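Take a look at the chain below. The text then walks through it, from the whole fold down to single side chains.

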Amino acid sequence: MLAYLIRRLFAAAVMLVVIVVVVFSIFFLIPKWAGVDVALNFVGKQADPAAVEGVREKLRLGDPIYAQVWEFFKGIFVGRTYAGGGDVTQCAAPCFGYSFRSEQAIWPVLTDRFPVTLGLALGAAVLWLIFGLAAGVLSALKRGSFWDRGAMIVALAGVSLPIYFTGLLSLAIFSYGLGWINGEFVPLEESFTGWLGGMILPWVTLAFLYAAMYARITRATMLEILGEDYIRTARAKGLREQVVIRKHAMRSTMTPILTMLGMDLGALIGGAILTETTFSLPGLGQAVLNAIKNQDLPVILGVTLITSLAVLIANLVVDVLYAVIDPRVRLT
């Protein structure tokens, strides 16, 4: 298992390098080939030529792409010094770049906003796993019943309705209409109850979409597994139905669910733009959206790297959980 983890960590490190090179190429090299001056985009079209040259010097846009990538990675561990246009800017390690729009380092932006996105993703994941798995298992066990048909209709509605619709609808009903829930975000360090009240609706809105998908996948997988020979053998041995479902059927059902969870949770950390925009949450989604509007390329690069790392870590954790849930993986 240790050798397997080392191999996966090495592969994750290589993947991060590839991701950074690709992002550098997209945001720095391709505009250069297209005749777009990145430095001019930073300072504005009416800027002084000396200011444009100073930004070009700070960004080291004249260096080869491999030199820019090396400077970026080196800055994460030892920091960077941006010098150009007559001034010097220090970016202490870990340095993920320097935003010339907001005139601050990227790392504080990431550390301030990442906990919000992480809390949104983890809270919603707990809800959609509980309700999605429960609805899928009960639908499979009561196939063709009123519960089965009703749960699948709700699941179909959850998959079909977009987040910005269900989010605004929940705000209109539970926050603005009934006044049961405060829809405003409150930092966790200020008030736990205020933070919880501001996160309930985003959690439920996001969980409704994913719980619907998990319910349908769980139902289909459970129905397939209940028809397997080893399930019939377990029943023939006289095991109680609860033991057969919990110990045999559920363990096999969790394998594809874990695969989905690893991909969804990792992608959710990097793509919660709609939910954060709907509920005005100051997370990574809002940061990258503002960066795209302002063409703030260092912020986009920093968010891309952090979210890519989150996806890789989530998939690594899922691979380890495979061996915990399914003994066949350990034997292999």
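**From surface to side chains**

The chain exposes about 17800 Å² of accessible surface, and carbon and sulfur atoms hold 67% of that area. Keep in mind that this is a predicted model. The chain has 332 residues, and 45% of them are buried. Its secondary structure consists of 14 helices and 4 strands. Now take the contacts in the chain with a separation of 6 or more. Of these, 65% join residues 24 or more positions apart.

Start with one helix. Helix 6 covers residues 146-160, which is 15 residues. From first C-alpha to last, helix 6 reaches 21 Å. That is close to the 21 Å expected at 1.5 Å a residue. Which residues of helix 6 are buried? They are D148, A151, M152, A155 and G158. Viewed down the axis of helix 6, the buried residues fall within an arc of 115°, so they line one face of the helix. What do the buried residues of helix 6 pack against? Their partners are helix 5 (106-141) and helix 8 (192-226). The other side of helix 6 carries exposed residues: F146, R149, I153 and S160.

Next, the charges. Side chains of opposite charge can pair when their charged atoms come close. The count for this model is 2 salt bridges.

One of them links E71 and K74, with the closest N and O atoms 3.3 Å apart. Both residues sit in helix 4 (residues 65-78). They are 3 residues apart, about one turn of the helix. Are the two ends buried or exposed? E71 has a relative accessible area of 14%, so it counts as buried, the cut-off being under 20%. K74 reaches 32% relative accessibility and is partly exposed.

The side chains of D229 and R232 form a salt bridge too, at 2.2 Å from N to O. Helix 9 (residues 229-236) holds both D229 and R232. Here again the spacing is 3 residues, about one turn of the helix. D229 is exposed, because its relative accessible area is 53% and the cut-off is over 50%. R232 is partly exposed, at 45% relative accessibility.

Now go back to E71 and look at R80. R80 belongs to strand 1 (residues 80-84). R80 is buried, yet it has no salt bridge. Which side chain of opposite charge is nearest to R80? It is E71, 4.3 Å away. A salt bridge needs the nitrogen within 4 Å of a carboxyl oxygen, so R80 and E71 do not make one. R80 is nonetheless in contact with E71. Leaving aside neighbours within four places in sequence, R80 also touches F72, G75, T89, Q90, C91 and C95. E71 thus appears twice in this account: it is bridged to K74, and it is the nearest opposite charge to R80.

Finish with a backbone detail. Where is S280 found? S280 lies in the loop between helix 11 (273-278) and helix 12 (284-294). Its phi is positive, about 55°, although S280 is not a glycine. S280 is also exposed, with a relative accessible area of 53%.

How values were computed: Residues are numbered from 1 along each chain as its sequence is written. This is a predicted model: local features need pLDDT of at least 70, side-chain atom pairs count only at pLDDT 80 or more; totals for chains, interfaces and linings use all residues. Side-chain values use heavy atoms; hydrogens and water are left out. Helices (H or I, at least four residues) and strands (E, at least two) are DSSP runs, numbered from the N terminus. Buried means under 20% relative accessible area, exposed over 50%, partly exposed in between (1.4 Å probe, protein chains only). Lys and Arg count as positive and Asp and Glu as negative; His and the chain ends are not counted. Contact means heavy atoms within 4.5 Å. Accessible areas come from the Shrake-Rupley method with a 1.4 Å probe; for residues, only the protein chains shown count as cover. The expected span of a helix is 1.5 Å times one less than its number of residues. The arc is that of the directions from the helix axis to the C-beta atoms.
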